[in-house]
Amino acid sequence: PAGWAVDTFTYGNWTSWVASGTYPSATPYEGVRMTDFNSWNASTGYQNRVRRTAAISTVGYSNITVDFAEYNQTTFTGGDGITIQWSTNGTTWTSAGTNWSNYGAALGWVIHTQALPVGAANQATLYVAFLFTSAYGYDVYLDLMHVKGMQTGNLTGTVKNALTNAALVGVSISCGGVGPTLSIAGGAYTLNAIPAGSQLFSATFATYQFYSAMVNVVGNTTTTYNFTMYPIPAVLSGMITDAANNAPIIGAKIVINGQVGYSTVGGLYSVSVYNNGNFPATITKAGFLDTITANQTMTSGVTTTLNMPMRESINTPNQPFTAALNAGNTAVNLNWGVPTGKYELLYDDGKQDTNTVWATANNLNAVKCTPIAYPVTVVGGSVDIGESYSYPNGTTLASLIPFTMQVYDATGTGGAPGTALGAPVTVTPTSFGWNAFTIGGVNITSGNFWLVMKQAGTPPTACRLAVDTSSNQLRSWQKYGTGPWLPASGNFMIRAVANGPGGPPENP
């Protein structure tokens, strides 16, 4: 056939292309012809090579294999068969594997697959051949041939310290079964011949947290993938409680050496600290006195437990204060207003279970808040925009579009958000997770009010909203465009800070 030649090795040509065979009796696997090596007449040890004269390219491919159909006979066990060979120049041939004998347990065509060595991958010219060997038995019939490979691509990039942006040298990096390779000066690395598609990328480095991600490797292309690794932190963890009644406090903010955490359900918290040393922890919460602890010894890989009770804020009575002698001149009656102070209204457990974002801008998410007593002034709040892993790889805070928060009354249908109160406040994210904001002061004299988040931009640059699904409080609603307000699934992680009598509440 065109594109093929036969090497006879002085044994003569025992190869032909036939419509049928006699020893054994057979017809082609497909089409009207098959290759016939005449072992019935060729002496033991005689060989012919049927080789490809037209090269193929395996550039961008790995795991090269050759599959072919061979007819099995059940009479002669001597070893008549085929050995697959390959070459990069068409003249120097190398055998891949051993002889595929035509003897089998049952008559008929069998598909064999021969893997070629790694040297056959990523070659501009690759030739394949079938080396027939006679054992003076039945003929060897061959039909059908494919050369297959897995398309590959390359990755290159840098690895740096996530906190300092310093290059990391000596990081062990693998992807899609290729590697490991070590990062060099500047944190640079390169991995070649990775199977194309979505592949698991991983990196390890002493005293740093294990890194893994799914990376899309593009076939026959070098893709740049830069990433960062965090040092293994020291951990400060424990429980925050109300000193007055030992109730757990949700939403307390814990700051140590610049790292921030919040207490969640049960008052539990955990903060990762990426520097060894002795640092005080500062604990704050609306309605409670700020608490600064003694220095905590933080050591990489070690968890330090700090349980802390917080005292409720001591609020002074409302003015005016009056004193008047009673009619009988037996007592002085003292009168003052109920003490007021800041407290937080929250209806989530502090733990993100999922997150949400609209596909289009200007849609609304809201949480209904019920003050403990009246009158009350809404002075601020906080929104959880989700952790960094909630966003596509490479998303930075600077790339996220600020959103707005506004107070609404509850005069809408069925108690939904009705009239906007006060001015909207723009919230520019300063961290993943919780972001606090202040409001100029919106007075509420009765009933519920709503804190409404208006999304700006579209994914992936729109801020997401964390959702707690542990126990639906039926206070989260959403609105698409000009449509109606509808109940949402779960608890939107939006909280209000109010100033008034009655606080602080203990739990959602």
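A polar contact is a pair of N or O atoms within 3.5 Å; within protein, one must be able to donate a hydrogen and the other to accept it. Ser 399 makes such a contact in this predicted model: a polar atom of its side chain lies 2.7 Å from the backbone oxygen of Thr 396. Ser 399 sits in the loop between strand 33 (376-384) and strand 34 (403-409). Its relative accessible area is 31%. Ser 399 is therefore partly exposed, as this value falls between the 20% limit for buried and the 50% limit for exposed. Ser 399 and Met 34 are 365 residues apart along the chain. Their C-alpha atoms are separated by 63 Å.

Strand 34, which follows the Ser 399 loop, belongs to an open sheet of 6 strands. The strand order is 35-34-37-32-39-40, and the pairing is antiparallel. Strand 35 (420-427) and strand 40 (485-487) form the edges. Each of these edge strands pairs on one side only. Neighbouring strands of the sheet are turned against each other by 25° on average, direction ignored. Strands of a sheet pair through backbone hydrogen bonds, either parallel or antiparallel. Within the sheet, strand 32 (residues 364-369) and strand 37 (residues 449-454) run antiparallel and are joined by 6 bridges. One bridge pairs Ala 366 with Val 452 of strand 37.

Cysteines were examined next. The structure holds 0 disulfides. A disulfide is a covalent bond between the sulfur atoms of two cysteines. For Cys 369, the closest cysteine sulfur belongs to Cys 463. The two sulfurs are 20 Å apart, so the distance is too far for a bond; the cut-off is 2.5 Å. Cys 369 has 0% relative accessibility and therefore counts as buried. Cys 175 is likewise buried, because its relative accessibility is 0%.

Attention then turned to charged pairs. Side chains of opposite charge can pair when their charged atoms come close. The count comes to 5 salt bridges, with a side-chain nitrogen of Lys or Arg required within 4 Å of a carboxyl oxygen of Asp or Glu. Asp 7 takes part in a network of salt bridges with Arg 49 and Arg 51. In the pair of Asp 7 and Arg 49, the closest N and O atoms are 2.9 Å apart. Asp 7 lies in strand 1 (residues 4-7) and Arg 49 in strand 4 (residues 47-52), so this pair ties together parts that are 42 residues apart in sequence. The side chains of Asp 7 and Arg 51 also meet in a salt bridge, at 2.9 Å from N to O. This pair links distant parts of the chain, with Asp 7 in strand 1 and Arg 51 in strand 4, 44 residues apart. Asp 7 counts as buried because its relative accessibility is 17%, under the 20% limit. Arg 49 is buried as well, at 11% relative accessibility.

A further salt bridge joins the side chains of Asp 348 and Arg 495, at 2.7 Å from N to O. Asp 348 lies in the loop between strand 30 (341-345) and strand 31 (354-356), and Arg 495 in strand 42 (residues 494-500), so the pair ties together parts that are 147 residues apart in sequence. Asp 348 and Arg 495 are both buried.

Methods: Residues numbered from 1 in each chain as written. Predicted model: local features only at pLDDT ≥ 70, side-chain atom pairs only at ≥ 80, totals over all residues. Heavy atoms only, no water. Buried < 20%, exposed > 50% of the residue type's maximum accessible area, 1.4 Å probe, protein only. Helix = DSSP H or I, 4+ residues; strand = E, 2+ residues; numbered from the N terminus. Pairing = 2+ DSSP bridges. Axes fitted to C-alpha atoms, helices over the stretch in contact; angles between N-to-C directions.
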